[in-house]
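Student: I'm new to this structure and would like to learn how to read its features. Could you walk me through it?

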Amino acid sequence: MAILRTPRLYMRKIQTDDYSSVCSILQDIDVMYAWEHAFSDEEVVQWIDENIMRYNRDGFSYWAVIEKASDKLIGVTGLISEQADDENYVGVGYIYQKSYWGNAYAFEAALACVDYAFNILHLNEITAQIRPENTASRKVAERLGMSIKKQFIRRYKNKDIPHLLYSRTI
């Protein structure tokens, strides 16, 4: 069942049988450079399970992004409850198969998520946590009307990693 639709895409909940399609994204080191590692098979299963848990807890998470023309899962985009400097935010995230980069799919899906956050969830702010050197993701956030709110350190796999917190308010 589609949660959101755009001219070229629709988004639905990620399911366990999306495993192989999600692997093609999360196991590509070029795609996952911001995480500094490609995910193992077990990490992909855990990632899918975490998203399913968030649907039940929060009502949202990353959603599978399906290209209407091919009916293929080409990426994941969604809203994530997350923290920066011990403050709670709802952020938008987007991760796509490398072969689909440069087609504005991330922007198209993320814009639908931002609209959903403001108009359906009635949030006052939406954020994006992005590494400073990730210029492609920064451009998507800026095109969404976001600006840098602050820089912070995010701890991941026992490593402190600088991030920018982009923000857009109503």
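Tutor: Gladly! Keep in mind that this is a predicted model. Let's start with the annotation: an unreviewed UniProt entry records "domain: N-acetyltransferase" for residues 9-170.

Student: How much of the span 9-170 is helix and how much is strand?

Tutor: Residues 9-170 are 31% helix and 38% strand. The C-alpha atoms at the two ends of this span are 25 Å apart.

Student: Next, pockets. How does one look for them?

Tutor: Rolling a probe the size of a water molecule over the atoms shows where empty space is left. Here, the largest pocket has a volume of about 1200 Å³. It is lined by 45 residues, and those closest to its centre are Trp-35, Tyr-62, Gly-93, Tyr-94 and Ile-95.

Student: Which element supplies the largest share of that lining?

Tutor: Strand E5 does, with six residues. Other elements that each supply at least two residues include helix H2 (41-58), helix H3 (105-119) and strand E4 (72-84).

Student: What classes of residue make up the lining of the largest pocket?

Tutor: There are 25 nonpolar residues, along with eleven polar and nine charged ones.

Student: Could we look at a single residue too? Where is Glu-43 found?

Tutor: Glu-43 sits in helix H2, one of the elements contributing to the pocket lining. For contacts, we set aside neighbours within four places in sequence; Glu-43 then touches His-37, Ala-38 and Lys-157.

Student: How far apart are Glu-43 and Cys-23 in space?

Tutor: Their C-alpha atoms are 9.6 Å apart, while in sequence the two are separated by 20 residues.

Methods:
Residues are numbered from 1 along each chain as its sequence is written. This is a predicted model: local features need pLDDT of at least 70, side-chain atom pairs count only at pLDDT 80 or more; totals for chains, interfaces and linings use all residues. Side-chain values use heavy atoms; hydrogens and water are left out. UniProt positions are given in the numbering used here, feature names are shortened, and annotations may be inferred rather than shown by experiment. Helices (H or I, at least four residues) and strands (E, at least two) are DSSP runs, numbered from the N terminus. On a 1 Å grid over the protein atoms alone, a cavity is a set of points where a 1.4 Å probe fits but cannot get out, and a pocket is an open set with protein on both sides within 12 Å along at least five of seven lines; lining residues have an atom within 4 Å of a point. Grid points are joined across faces, edges and corners, and a volume is the space filled by probe spheres set on the points. Ala, Val, Leu, Ile, Met, Phe, Trp, Tyr, Cys and Pro count as nonpolar, Asp, Glu, Lys and Arg as charged, and the others, Gly among them, as polar. Contact means heavy atoms within 4.5 Å.
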